[in-house]
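Biologist: I am new to this model and would like to go through it with short questions. Please show it first.

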Amino acid sequence: MKRILLAQILHEANSFARTQAPIAHFHRQGVFLGEAARERFSQTRTEMAGFLEAAAREDWHTTIPIVVPCAPAGPMSMEAFTYFRDTLLDGLRAAMPLDGVLLALHGANVVDGEDDPDGAVAQAVRDAVGPDLPIVITLDPHSNVSDRLAAAVNGITAYRTHPHTDHKETGLRAAAILSRILAGEISPRVHLARGRQMRGFDAARTTLPDGPARRAQAIARRMEQEPGVVEVSIQAGFVLADVWQVGPSVAVTGEGPRCGELARELMRFAWDERENDTVKMISVAEALAQARAVPPGPLPIVMSDFGDAPGGGGYGDATAMLRALMDDPFPNTLFLSIADAGSVEKAAAAGVGATVQLSLGGHTAPLHGGGPVEAAFEVLKIVDGKFTHEGPYTPGMIGNFGQSVLLRHGEVRVVATTFQRNIVDLQQVKMFGIDPRACGLIAIKCMDAFRAAFTPIARAVIAFESGGVSSRVQTTLEWTKARRPIWPLDPLPEVEAALAAEAVA
Ligand SMILES: [Zn+2]
């Protein structure tokens, strides 16, 4: 019986966020050790569920030292990183001798004091198991893959959908690669290509049938038919990280000289398509004008703020859209959500039915997305904030807003929560006793992941930017560590000259 180590440490860090993610941030959403992880994740559709299903089929003996689910925020604290890494390594040493390792990493972690924590974890695992033991990893396509990460492992496969609905399939793919290595069929390494661009592949969006991400995935599948190629993994990059390796990459897992060529070929596609962003960003005012032009009908208009998206490290308390909706209300509006522990506490203390004067949201960075909204709100509902995803985004996963309240000001109902959280699942609406289909307008905070659940119930979907810290306007951020020259920060001729020099090298 083969002995396989399974582990997961997922964090997407917005390095521009001024708030760190301490260990308590991760404990809030749950950190799972040993058998608790097995129990919790076998019933989900996560990569860990994929690992476990494959292990049962292959009759592997598995050990799971740690599972850290993804809860994007600012940089992970060094204390949290050290604890996660060492728990993984302690579990690994205790489980030796091993035949293989499957790791679920994000690829966009940044630690306060370590710019490449995913590479550091993979390298530490490699150092512990020696050069010959196979290690295969899964990634989120919103990842900035370092050379160290690619060199430390034998295989990389990232989710192929965005919104990500194939976590489990990705886990199964990684396990299948490991299984073929263990059977002696293949002996791959990872061939990584990275361009000189901060974003590409349309941010990995696969919602449009003929968008750049779908076309790139189709090319990748064709490339996988070539001899020696096992897996062509596309990473669109995570642009809100000031790290050297920021930007898209292609990782070809396989053997032979074609692997590197194919990786570079797909990066050329990314370069040619770099301007092809299928979601155009508009301001709060433009978004509201568009919403008012939508013909009346059943189902809500769904508007999402790209600029204050907790899934991209946004603080989740920007108020620009809330204020605009309160000033000029739409009938039957739901705003979801404002992370403001102080206001939640005050409203909860006042109780259901009370009216409270609040200074709601906008406390973290008033210049980015709007300062506090001073107004009276009626308290409609108080909940503990725990919910279980119904999917299609990671069904079975438990999320936690902390204590939360549903408030009302005129036509606008507002959810205020203790912790910020991306809005991706209809349970996040239903938990407040609201039928999302019955709303006139739902304004949420999320980049793209909401589309899996919300597009099917929406009369229209409108994306906008409030100016928060997950904004797509990278040129206004202060970059100190990204490799230069790079698009779109530097003049095009300089970037093209650097690309040409690298193509020759
Ligand atoms: Zn992602």
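Biologist: What is the relative accessible area of Arg160?

Modeller: The model is predicted, so local features need pLDDT of at least 70 and side-chain atom pairs pLDDT 80 or more, while totals for chains, interfaces and linings use all residues. Residues are numbered from 1 along each chain as its sequence is written, and side-chain values use heavy atoms, without hydrogens and water. Buried means under 20% relative accessible area and exposed over 50%, with partly exposed in between (1.4 Å probe, protein chains only). Arg160 counts as partly exposed, and its value is 21%.

Biologist: With which residue does Arg160 form a salt bridge?

Modeller: A salt bridge needs a side-chain nitrogen of Lys or Arg within 4 Å of a carboxyl oxygen of Asp or Glu. The partner is 64 residues away from Arg160 in sequence and is buried, at 16% relative accessible area. With the closest N and O atoms 3.5 Å apart, the partner of Arg160 is Glu224.

Biologist: Which helix does Glu114 reach through its salt bridge?

Modeller: Helices (H or I, at least four residues) and strands (E, at least two) are DSSP runs, numbered from the N terminus. The side chain of Glu114 meets that of Arg148 at 3.1 Å, N to O. Arg148 is partly exposed, at 32%. Glu114 lies in the loop between β4 and α5, so the pair ties together parts 34 residues apart in sequence, the other part being helix α6.

Biologist: How many residues apart are Lys481 and Asp115?

Modeller: Their side chains meet in a salt bridge of 3.3 Å, N to O. Lys481 is in the loop between β19 and α15, and Asp115 in the loop between β4 and α5; the pair links distant parts of the chain, and the separation is 366 residues.

Biologist: Which element gives the most to the largest nonpolar core?

Modeller: A nonpolar core is a set of buried Ala, Val, Leu, Ile, Met, Phe, Trp, Tyr and Cys residues joined through side-chain atoms within 4.5 Å. The largest has 42 residues, and Phe84 and Leu88 are among those touching the most other members. Elements giving two or more residues include β1, β4 and α5. With seven residues, the top contributor is α4.

Biologist: What kind of site does the zinc ion have?

Modeller: Donors are N, O and S atoms within 2.8 Å of the metal (3.2 Å for Na, K and Ca); water is not among the atoms, so sites may look incomplete. Here Asp140 gives two OD entries, His142 its ND1 and His164 its NE2, at 2.1 to 2.6 Å. Four donors are tetrahedral if all angles lie between 85 and 135 degrees; four are square planar and six octahedral if opposite donors are over 155 degrees apart and all others between 65 and 115; anything else is irregular. The angles here are 54 to 145°, and the site is irregular.
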